[in-house]
Amino acid sequence: MSLHLNETPSPAPGPSPAPGPRLGLTKRTAAVLVAGAALAVLAGCGTDERANEALGTEGVRKPAEPKAAPGLPGMPPVLDPKDAYAADRPNALQPVARKFLPRVYVPNTGSNTVSVIDPKKFEVIETIKVGNQPQHVVPSWDMKTLWVNNDLGDSLTAIDPVTGKTGRTVEVSDPYNLYFTPNGKHAVVMASMDRELVFRDPKTMNRAKTVPVTCAGVNHADFSMDGRYFIVSCEFSGELLKVDTEKMEVVGQQKIPFKGAMPQDVKMSPDGKTFYIADMMAHGMWVLDGDKFTTPKLLPTGKGCHGLYVSRDSKEMYISNRGEGTISVFDFPKNELTKKWRLPQGGSPDMGGVSADGNTLWLSGRYDSEVYAIDTRTGVQLARIPVGNGPHGLAVYPQPGRYSLGHTGIFR
């Protein structure tokens, strides 16, 4: 959740996506096929073998296999159409990522620092000074840079994951959160106070296009399986946006059907059919059909539902309930909540990520100046590590995957 509370809602519904093309035979085509079949019967044994292949065993032409809609131009091909996270298996690191130091980078919004944790020792080994109110640590599309989002400092600070040291700082207005289009063509800054989605060059961070929005508090997002659109949560006005990735335009907007809704993290299901949106005031996840963008339905999880993280085998999703110090576990195949883990002595689990081997869930304790390490096999707390004030969107690094879509680490 952002600390900017001076926004006012201003909903404005947008157009619905146009329906896709319909497939089928015209009357003229059908007539031609029937006539062709009749001639084939009359010809008997004299029918050409190639014609027989084109015609089915009943003498009717086989329908052409439907072609899948093409993905976003330039996007790496989907590895498995049934699993968007097929590249995220345990320790399946890309060659470039094998050089990175195993670290957990924790942005402390109240201390203007990043705490660096050694995940094997469960202790802070370094504290890095950064800009004003760092909100998230975000892996770049090519995974070679970690960007610290200095929201009130209007800047991004680069960290080299090979050395763990900071590099250049780039001026960027209101970078509450940061994402990357699946083809790596643009960075997308979630400018919460500016009420903008800003498409930028992913290397230089120069503006390419600014998209003003009428909702308040744009903050989190996730992309469709084909990369052609993404769903954005608007925290302070309780709305959702649907954005065309290539056109860089808002194509849908709706109000969440809950008074006082405050949507947070967004995550797509492995099969790409469903988007889940955490809501800290509705105390659960909104279940949304992203393609149709119809009214979502609420699945209660726990008080202060906040962060969403997919397991390394794509079978479960870990849900942090910040208001009650618990983590709910959602089973994708069963389509239901199956477990709830409670932090000893409570806590405020917020944003984070899963370790490369998939065995540890790391979450920031937003209001307790600490970080939690949780065993994903048992739900047992492994460590509580003191950090700076207001820890938020921590990044566990490195992680498996071919490229990063941003936030604290969405890899595909």
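**Cysteines and overall build of the chain**

C305 counts as buried because its relative accessibility is 0%, where the cut-off for that class is under 20%. This residue belongs to a predicted model, in which the chain has 412 residues, 56% of them buried. The structure also holds 1 disulfide, which joins C215 to C234, and the points below take up that pair before turning to the chain as a whole.

**The disulfide**

- The sulfur atoms of C215 and C234 lie 2.0 Å from each other, S to S, and the two residues are joined as a disulfide.
- A disulfide is a covalent bond between the sulfur atoms of two cysteines.
- The pair links distant parts of the chain, with C215 placed in the loop between strand 11 (207-212) and strand 12 (218-223), while C234 belongs to strand 13 (residues 229-234), 19 residues apart from C215.
- Because the torsion about the S-S bond of C215 and C234 is about -50°, this disulfide is left-handed.
- C215 and C234 are both buried.

**The chain as a whole**

- In secondary structure, the chain comes to 28 strands and 2 helices.
- Among contacts in the chain with a separation of 6 or more, 50% are between residues that stand 24 or more positions apart.
- The accessible surface of the chain amounts to about 17900 Å², and carbon and sulfur atoms account for 55% of that area.

Definitions and conventions
Residues numbered from 1 in each chain as written. Predicted model: local features only at pLDDT ≥ 70, side-chain atom pairs only at ≥ 80, totals over all residues. Heavy atoms only, no water. Helix = DSSP H or I, 4+ residues; strand = E, 2+ residues; numbered from the N terminus. Buried < 20%, exposed > 50% of the residue type's maximum accessible area, 1.4 Å probe, protein only. Contact = heavy atoms within 4.5 Å. Areas by Shrake-Rupley, 256 points an atom, 1.4 Å probe, with all protein chains shown as cover. Disulfide = S-S within 2.5 Å.
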